[in-house]
Amino acid sequence: MQRFTVPLLLIAALVCLAWLSQTGVINLYWQSVFMYMGINIILATSLNLVNGNMGEFSCGHAGFMAVGAYVSSLLTVMVLTDDKAMGFALLPPSWSLAFFPISLLLGGLAAAVVGMLVAIPSFKTRGDYLAIITIAASFIVKSTIENINAIGGARGFMGMSNVTKAMSQTIDLPWMLIWVFAGTVFTIWCLRRFLSSTYGKGINAICQDEIAAEIMSVNTNKMKLIAFMLSSGLAGIAGGLFAHAIGYVNPGSFTIMKSTEVLVMVYLGGMGSISGATIAAVVFTLLMEGLRFVFPALNSALHWAHLIPDSYQVSQVWKWVMIPLMLFLLMHIRPEGIMGNRELSNVFPRLKKFYSFK
Amino acid sequence: MALLEVKNLTQHFGGLCAVSEFNATIEPNELVGLIGPNGAGKTTIFNIVSGFYQPTRGEIVFNGRKTVGLKPHKVTGLGVARTFQNIRLWHDMSVLDNIRVAQHYHLGYSLLDCILRTARYERRTREIDALAYEILDALELRQYAEELPKNLPYGIRRRVEIARALSIKPALLLLDEPAAGLNTADLDGLISLIRWIYNEFKISIWMIEHQMQVVMSLCQRIQVIDFGTPIADGTPDQIQNNPLVIKAYLGDEEI
C-alpha cells in the first residue's frame with residue numbers, strides 16, 4: 001500500500017490543479033506562479049546534484065537552461081508552426097502533444113552535451129577554478145545566442161505561444177501546467193533513484209574524499225561526467241518548459257542573475273538534500289512573487305509618511321538587494337540551510353510509515 | 001609466479017628524487033613489511049603501485065599484467081586494495097555505504113538500470129548488500145553498519161577502513177601505517193586482526209609500519225628503504241642486526 005501513496009497523491013494533485021485551472025478557480029497569474037515553482041524545483045534539484053552532492057561549485061546553470069530553452073523552442077516552432085523565419089510546419093498541429101515532450105528531451109540532451117564543456121575540465125581542476133569555468137561556459141552560451149541573428153540574437157525568439165495554443169486546441173487542458181508538473185516529478189524521480197543507489201553514492205564519495213574514491217574503485221572522471229551531464233540536461237528541460245510557459249525567450253533571461261537565483265535556492269535548502277532544494281524552490285518562488293506586491297505597497301506607505309523624497313520610487317530593483325541579503329542572513333543564522341544534508345524522511349521518521357519511495 | 005613485481009621504479013617530483021631504482025617482489029600469500037625513516041619514499045611507492053602517481057621510470061607487473069598507466073580504479077579492480085596512513089573513509093556516509101561504494105568497479109549496471117530499477121539493478125544490489133554484511137560480520141563491525149565513521153572511535157575507523165579494502169576481494173592488500181595513532185590495547189588487537197586476515201583470506205599483505213612491535217611480530221620478510229633506495233631485505237632477525245639499517249635509523253656510530 002505504501003508503494004502507491006506517493007503516485008496517488010501526485011496524480012490527485014495534478015488532477016486538482018488541472019481541473020481548478022480549467023474552471024478558472026486558479027487564474028492565469030497563479031498558474032504561472034505554479035509553473036515558475038515547478039521550473040525552479042527542477043533547476044534547484046539538478047544544480048544540487050553538482051553543488052550539493054558532488055561538492056563542486058557550478059554557477060553557470062542558466063547557460064544550460066538557455067541551451068535547452070532555445071533548442072526545444074526552435075524545434076517546436078520549426079516543426080509544428082508556420083513561421084516566417086523557420087518556414088512551414090512539418091507536422092500538423094494535432095501532433096504537438098506528442099512532439100512537445102520529445103522536443104523537451106532533445107533540448108535536455110543538447111544541454112547535456114554542452115554540460116560536457118564543464119565536465120571535461122573538472123577532471124583536472126576543482127573548487128574556485130572550476131567555478132570560473134562554469135561561469136565562462138554560461139557566458140559562451142549567452143554570447144553565442146546573442147550573436148546568431150537567425151534565432152533573433154539579443155532581441156529574443158518567439159512563436160512558442162502558437163505551439164501551446166495548438167496543444168490546447170487538440171485537447172482542451174492547461175497543458176503547460178501539466179508538462180511542468182510532469183517535468184518536475186520526472187526530475188525528482190530520476191535524481192532520487194540515482195542518488196539513493198550505490199552507483200549514485202559514488203558522487204557523494206567524490207565530495208567527501210576524492211582521493212579515496214579514486215583509489216577505492218570509483219571511476220571519478222566518469223562519475224563527474226555523469227553528474228554534470230545529468231545536471232545540465234535537467235536544467236535544459238527546465239529551460240524548454242520555461243520558454244514555452246512564457247512563450248518567449250531572450251538571452252537576457254539567462255544571465256548570471258538567474259544562475260545566482262538557483263544557487264540561492266540550493267543553499268537555502270541545504271546541500272545535498274533533494275527535499276531541501278524542493279522546499280527552498282517553493283519558498284523562493286513565493287517570496288519573489290510576494291515581494292512584487294510588497295515593494296509598491298512599501299513605496300506608497302513611505303511616500304504617505306513622507307519618509308522618502310517624492311522624486312524617489314521604491315522599485316522592483318530592490319529584489320536584488322533582498323536576495324543577496326537573504327543569502328547573507330542564511331549563512332549567518334543557519335549555514336547548513338533549511339534541511340542540512342538530510343531528507344524529509346530523516347527529519348520526520350514517522351513519514352516512512354506512510355510511503356515507500358523506490 | 002610472483003604476485004607483484006616492481007622493477008627499477010623511479011619517481012622524480014621536479015628536482016626531488018623520491019624513489020630511485022626500487023625493486024620488490026611479493027609472492028602469493030606473503031606478508032612483507034616496508035620500513036624506513038620518515039620521508040624515505042614508502043608511501044610514494046604505495047601511491048605508485050595503486051596507480052595514483054605515474055612513475056618517471058620503471059615497471060609494475062601485478063598478476064601478469066602491467067599496471068603502470070592504468071587509472072587507480074582499474075588497478076583496484078584488478079585486486080590491489082589499500083588503506084591510508086590518515087584514515088580516508090567517506091565520513092558522512094554510513095559504514096555500510098562505505099563498503100557498498102567500494103564495489104563501484106564491479107557494480108555491473110549502468111545509469112539507466114539505476115533509474116529504471118531493472119532486474120539487473122535489483123539483483124546486483126542484493127548481491128552487494130550480502131557481500132557487505134558478510135565482510136562486516138567477519139570483522140565484527142555489524143553493530144556499526146548504520147553509523148557514520150566520523151562518530152566512531154579511531155580504532156574502529158581503522159577496522160572499517162581495513163574492511164572496506166577487504167570487501168573488494170583483493171589479492172594484494174597494501175596497509176599504510178595501520179598502527180598509526182592506535183594505543184597499546186588497540187595495537188594487540190590490530191596485530192591479531194592482520195594475522196587473522198592473512199590466514200583467513202590467504203592474500204598477500206604489504207605493510208608500511210613504524211611500530212617495530214607490529215612489523216617484527218607479523219612480517220615474514222622486511223624491506224628497508226632510505227632516501228628512496230632499498231638498503232636491506234631479509235627476515236626480521238637479519239634486519240634487526242643489519243648495520244646499514246641501524247645507521248639509517250640511528251646515524252653513524254663514529255660521530
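Okay, let's start with a term: two strands pair if DSSP finds at least two bridges between them. Keep that in mind, because we're going straight to a spot where it matters. And one caution before we go on: this is a predicted model.

So, chain B. Strand S4 and strand S5, which covers residues 65-66, pair in the antiparallel sense over two bridges. If you want to see one of those partnerships, find B:Phe62, whose bridge partner in S5(B) is B:Arg65. How many residues sit between S4(B) and S5(B) in their hairpin? Two, and one residue in the turn, B:Asn63, has a positive phi of about 55 degrees.

S4(B) has another neighbour too. Strand S1 of chain B, residues 4-13, runs antiparallel to S4(B), residues 57-62, and five bridges join them. Look for B:Lys7 here: its bridge partner in S4(B) is B:Glu59.

Now zoom out a bit. These strands belong to an open sheet of four, in the order S2-S1-S4-S5 of chain B, with antiparallel pairing. Which strands stand at the edges? Strand S2 (16-26) and S5 of chain B; each has a single partner strand, so one side of each is left without a neighbour in the sheet. There's a helix on this sheet as well: H1 of chain B, residues 42-49, packs on it and touches S1, S2 and S4 of chain B. The direction of H1(B) makes about 115 degrees with that of S1(B).

While we're on strands, a general point: in a regular strand the side chains alternate between the two faces of the sheet.

Okay, next sheet, still in chain B. Here six strands form an open sheet in the order S6-S7-S8-S3-S9-S10, and the pairing is mixed. Strand S6 (80-82) and strand S10 (229-234) of chain B are the edge strands; each has just a single partner strand, so one side of each has no neighbour in the sheet. On average, neighbouring strands of this sheet are turned by 20 degrees against each other, ignoring direction.

Let's pick out one pair from the six. Strand S3 of chain B, residues 31-35, and strand S8 of chain B, residues 204-208, pair in the parallel sense over four bridges. In that pair, B:Gly33 stands opposite B:Met207 in S8(B). And again a helix packs on the sheet: H10(B) touches strand S9 (221-226) and S10 of chain B, and its direction makes about 130 degrees with that of S10(B).

Just before H10(B) there's a residue I'd like you to find. B:Asn242 lies in the loop between helix H9 (236-240) and helix H10 (243-250) of chain B. Is B:Asn242 buried, exposed or partly exposed? It is partly exposed, because it has 17 other C-beta atoms within 10 Å, and buried would take 20 or more while exposed would be 12 or fewer. Its C-alpha atom is separated by 39 Å from that of B:Glu140, and the two residues are 102 apart along the chain.

Right, over to chain A, which has 14 helices and two strands. How compact is chain A? Its radius of gyration is 21 Å, close to the 21 Å that the globule rule gives for 358 residues, so chain A is as compact as a globular protein of that length. Along its principal axes, the C-alpha trace of chain A spans about 60 × 55 × 50 Å. Buried residues make up 45% of the chain's 358 residues.

Here's a helix pair from chain A. The axes of helix H3 (residues 61-80) and helix H6 (residues 160-170) of chain A come within 9 Å and cross at roughly 65 degrees. That crossing is left-handed. From H3(A) the contact uses A:Ser73, A:Thr76, A:Val77 and A:Leu80, and from H6(A) it uses A:Met160, A:Val163 and A:Ala166. By class, that's five nonpolar, two polar and no charged residues.

Last stop: where the chains meet. The contact takes 23 residues from chain A and 30 residues from chain B. On the chain A side, helix H7 (175-196), helix H8 (198-208) and helix H9 (210-215) each give two or more residues. H8(A) gives the most, with eight residues. By class, the chain A side divides into ten nonpolar, eight polar and five charged residues.

Conventions: Residues numbered from 1 in each chain as written. Chains lettered and ligands numbered in written order. Predicted model: local features only at pLDDT ≥ 70, side-chain atom pairs only at ≥ 80, totals over all residues. Contact = placed C-beta atoms within 7 Å. Nonpolar A, V, L, I, M, F, W, Y, C, P; charged D, E, K, R; others polar. Axes fitted to C-alpha atoms, helices over the stretch in contact; angles between N-to-C directions. Left-handed = near helix turned anticlockwise from the far one by under 90°. Rg over C-alpha atoms; globule rule 2.2 N^0.38 Å.
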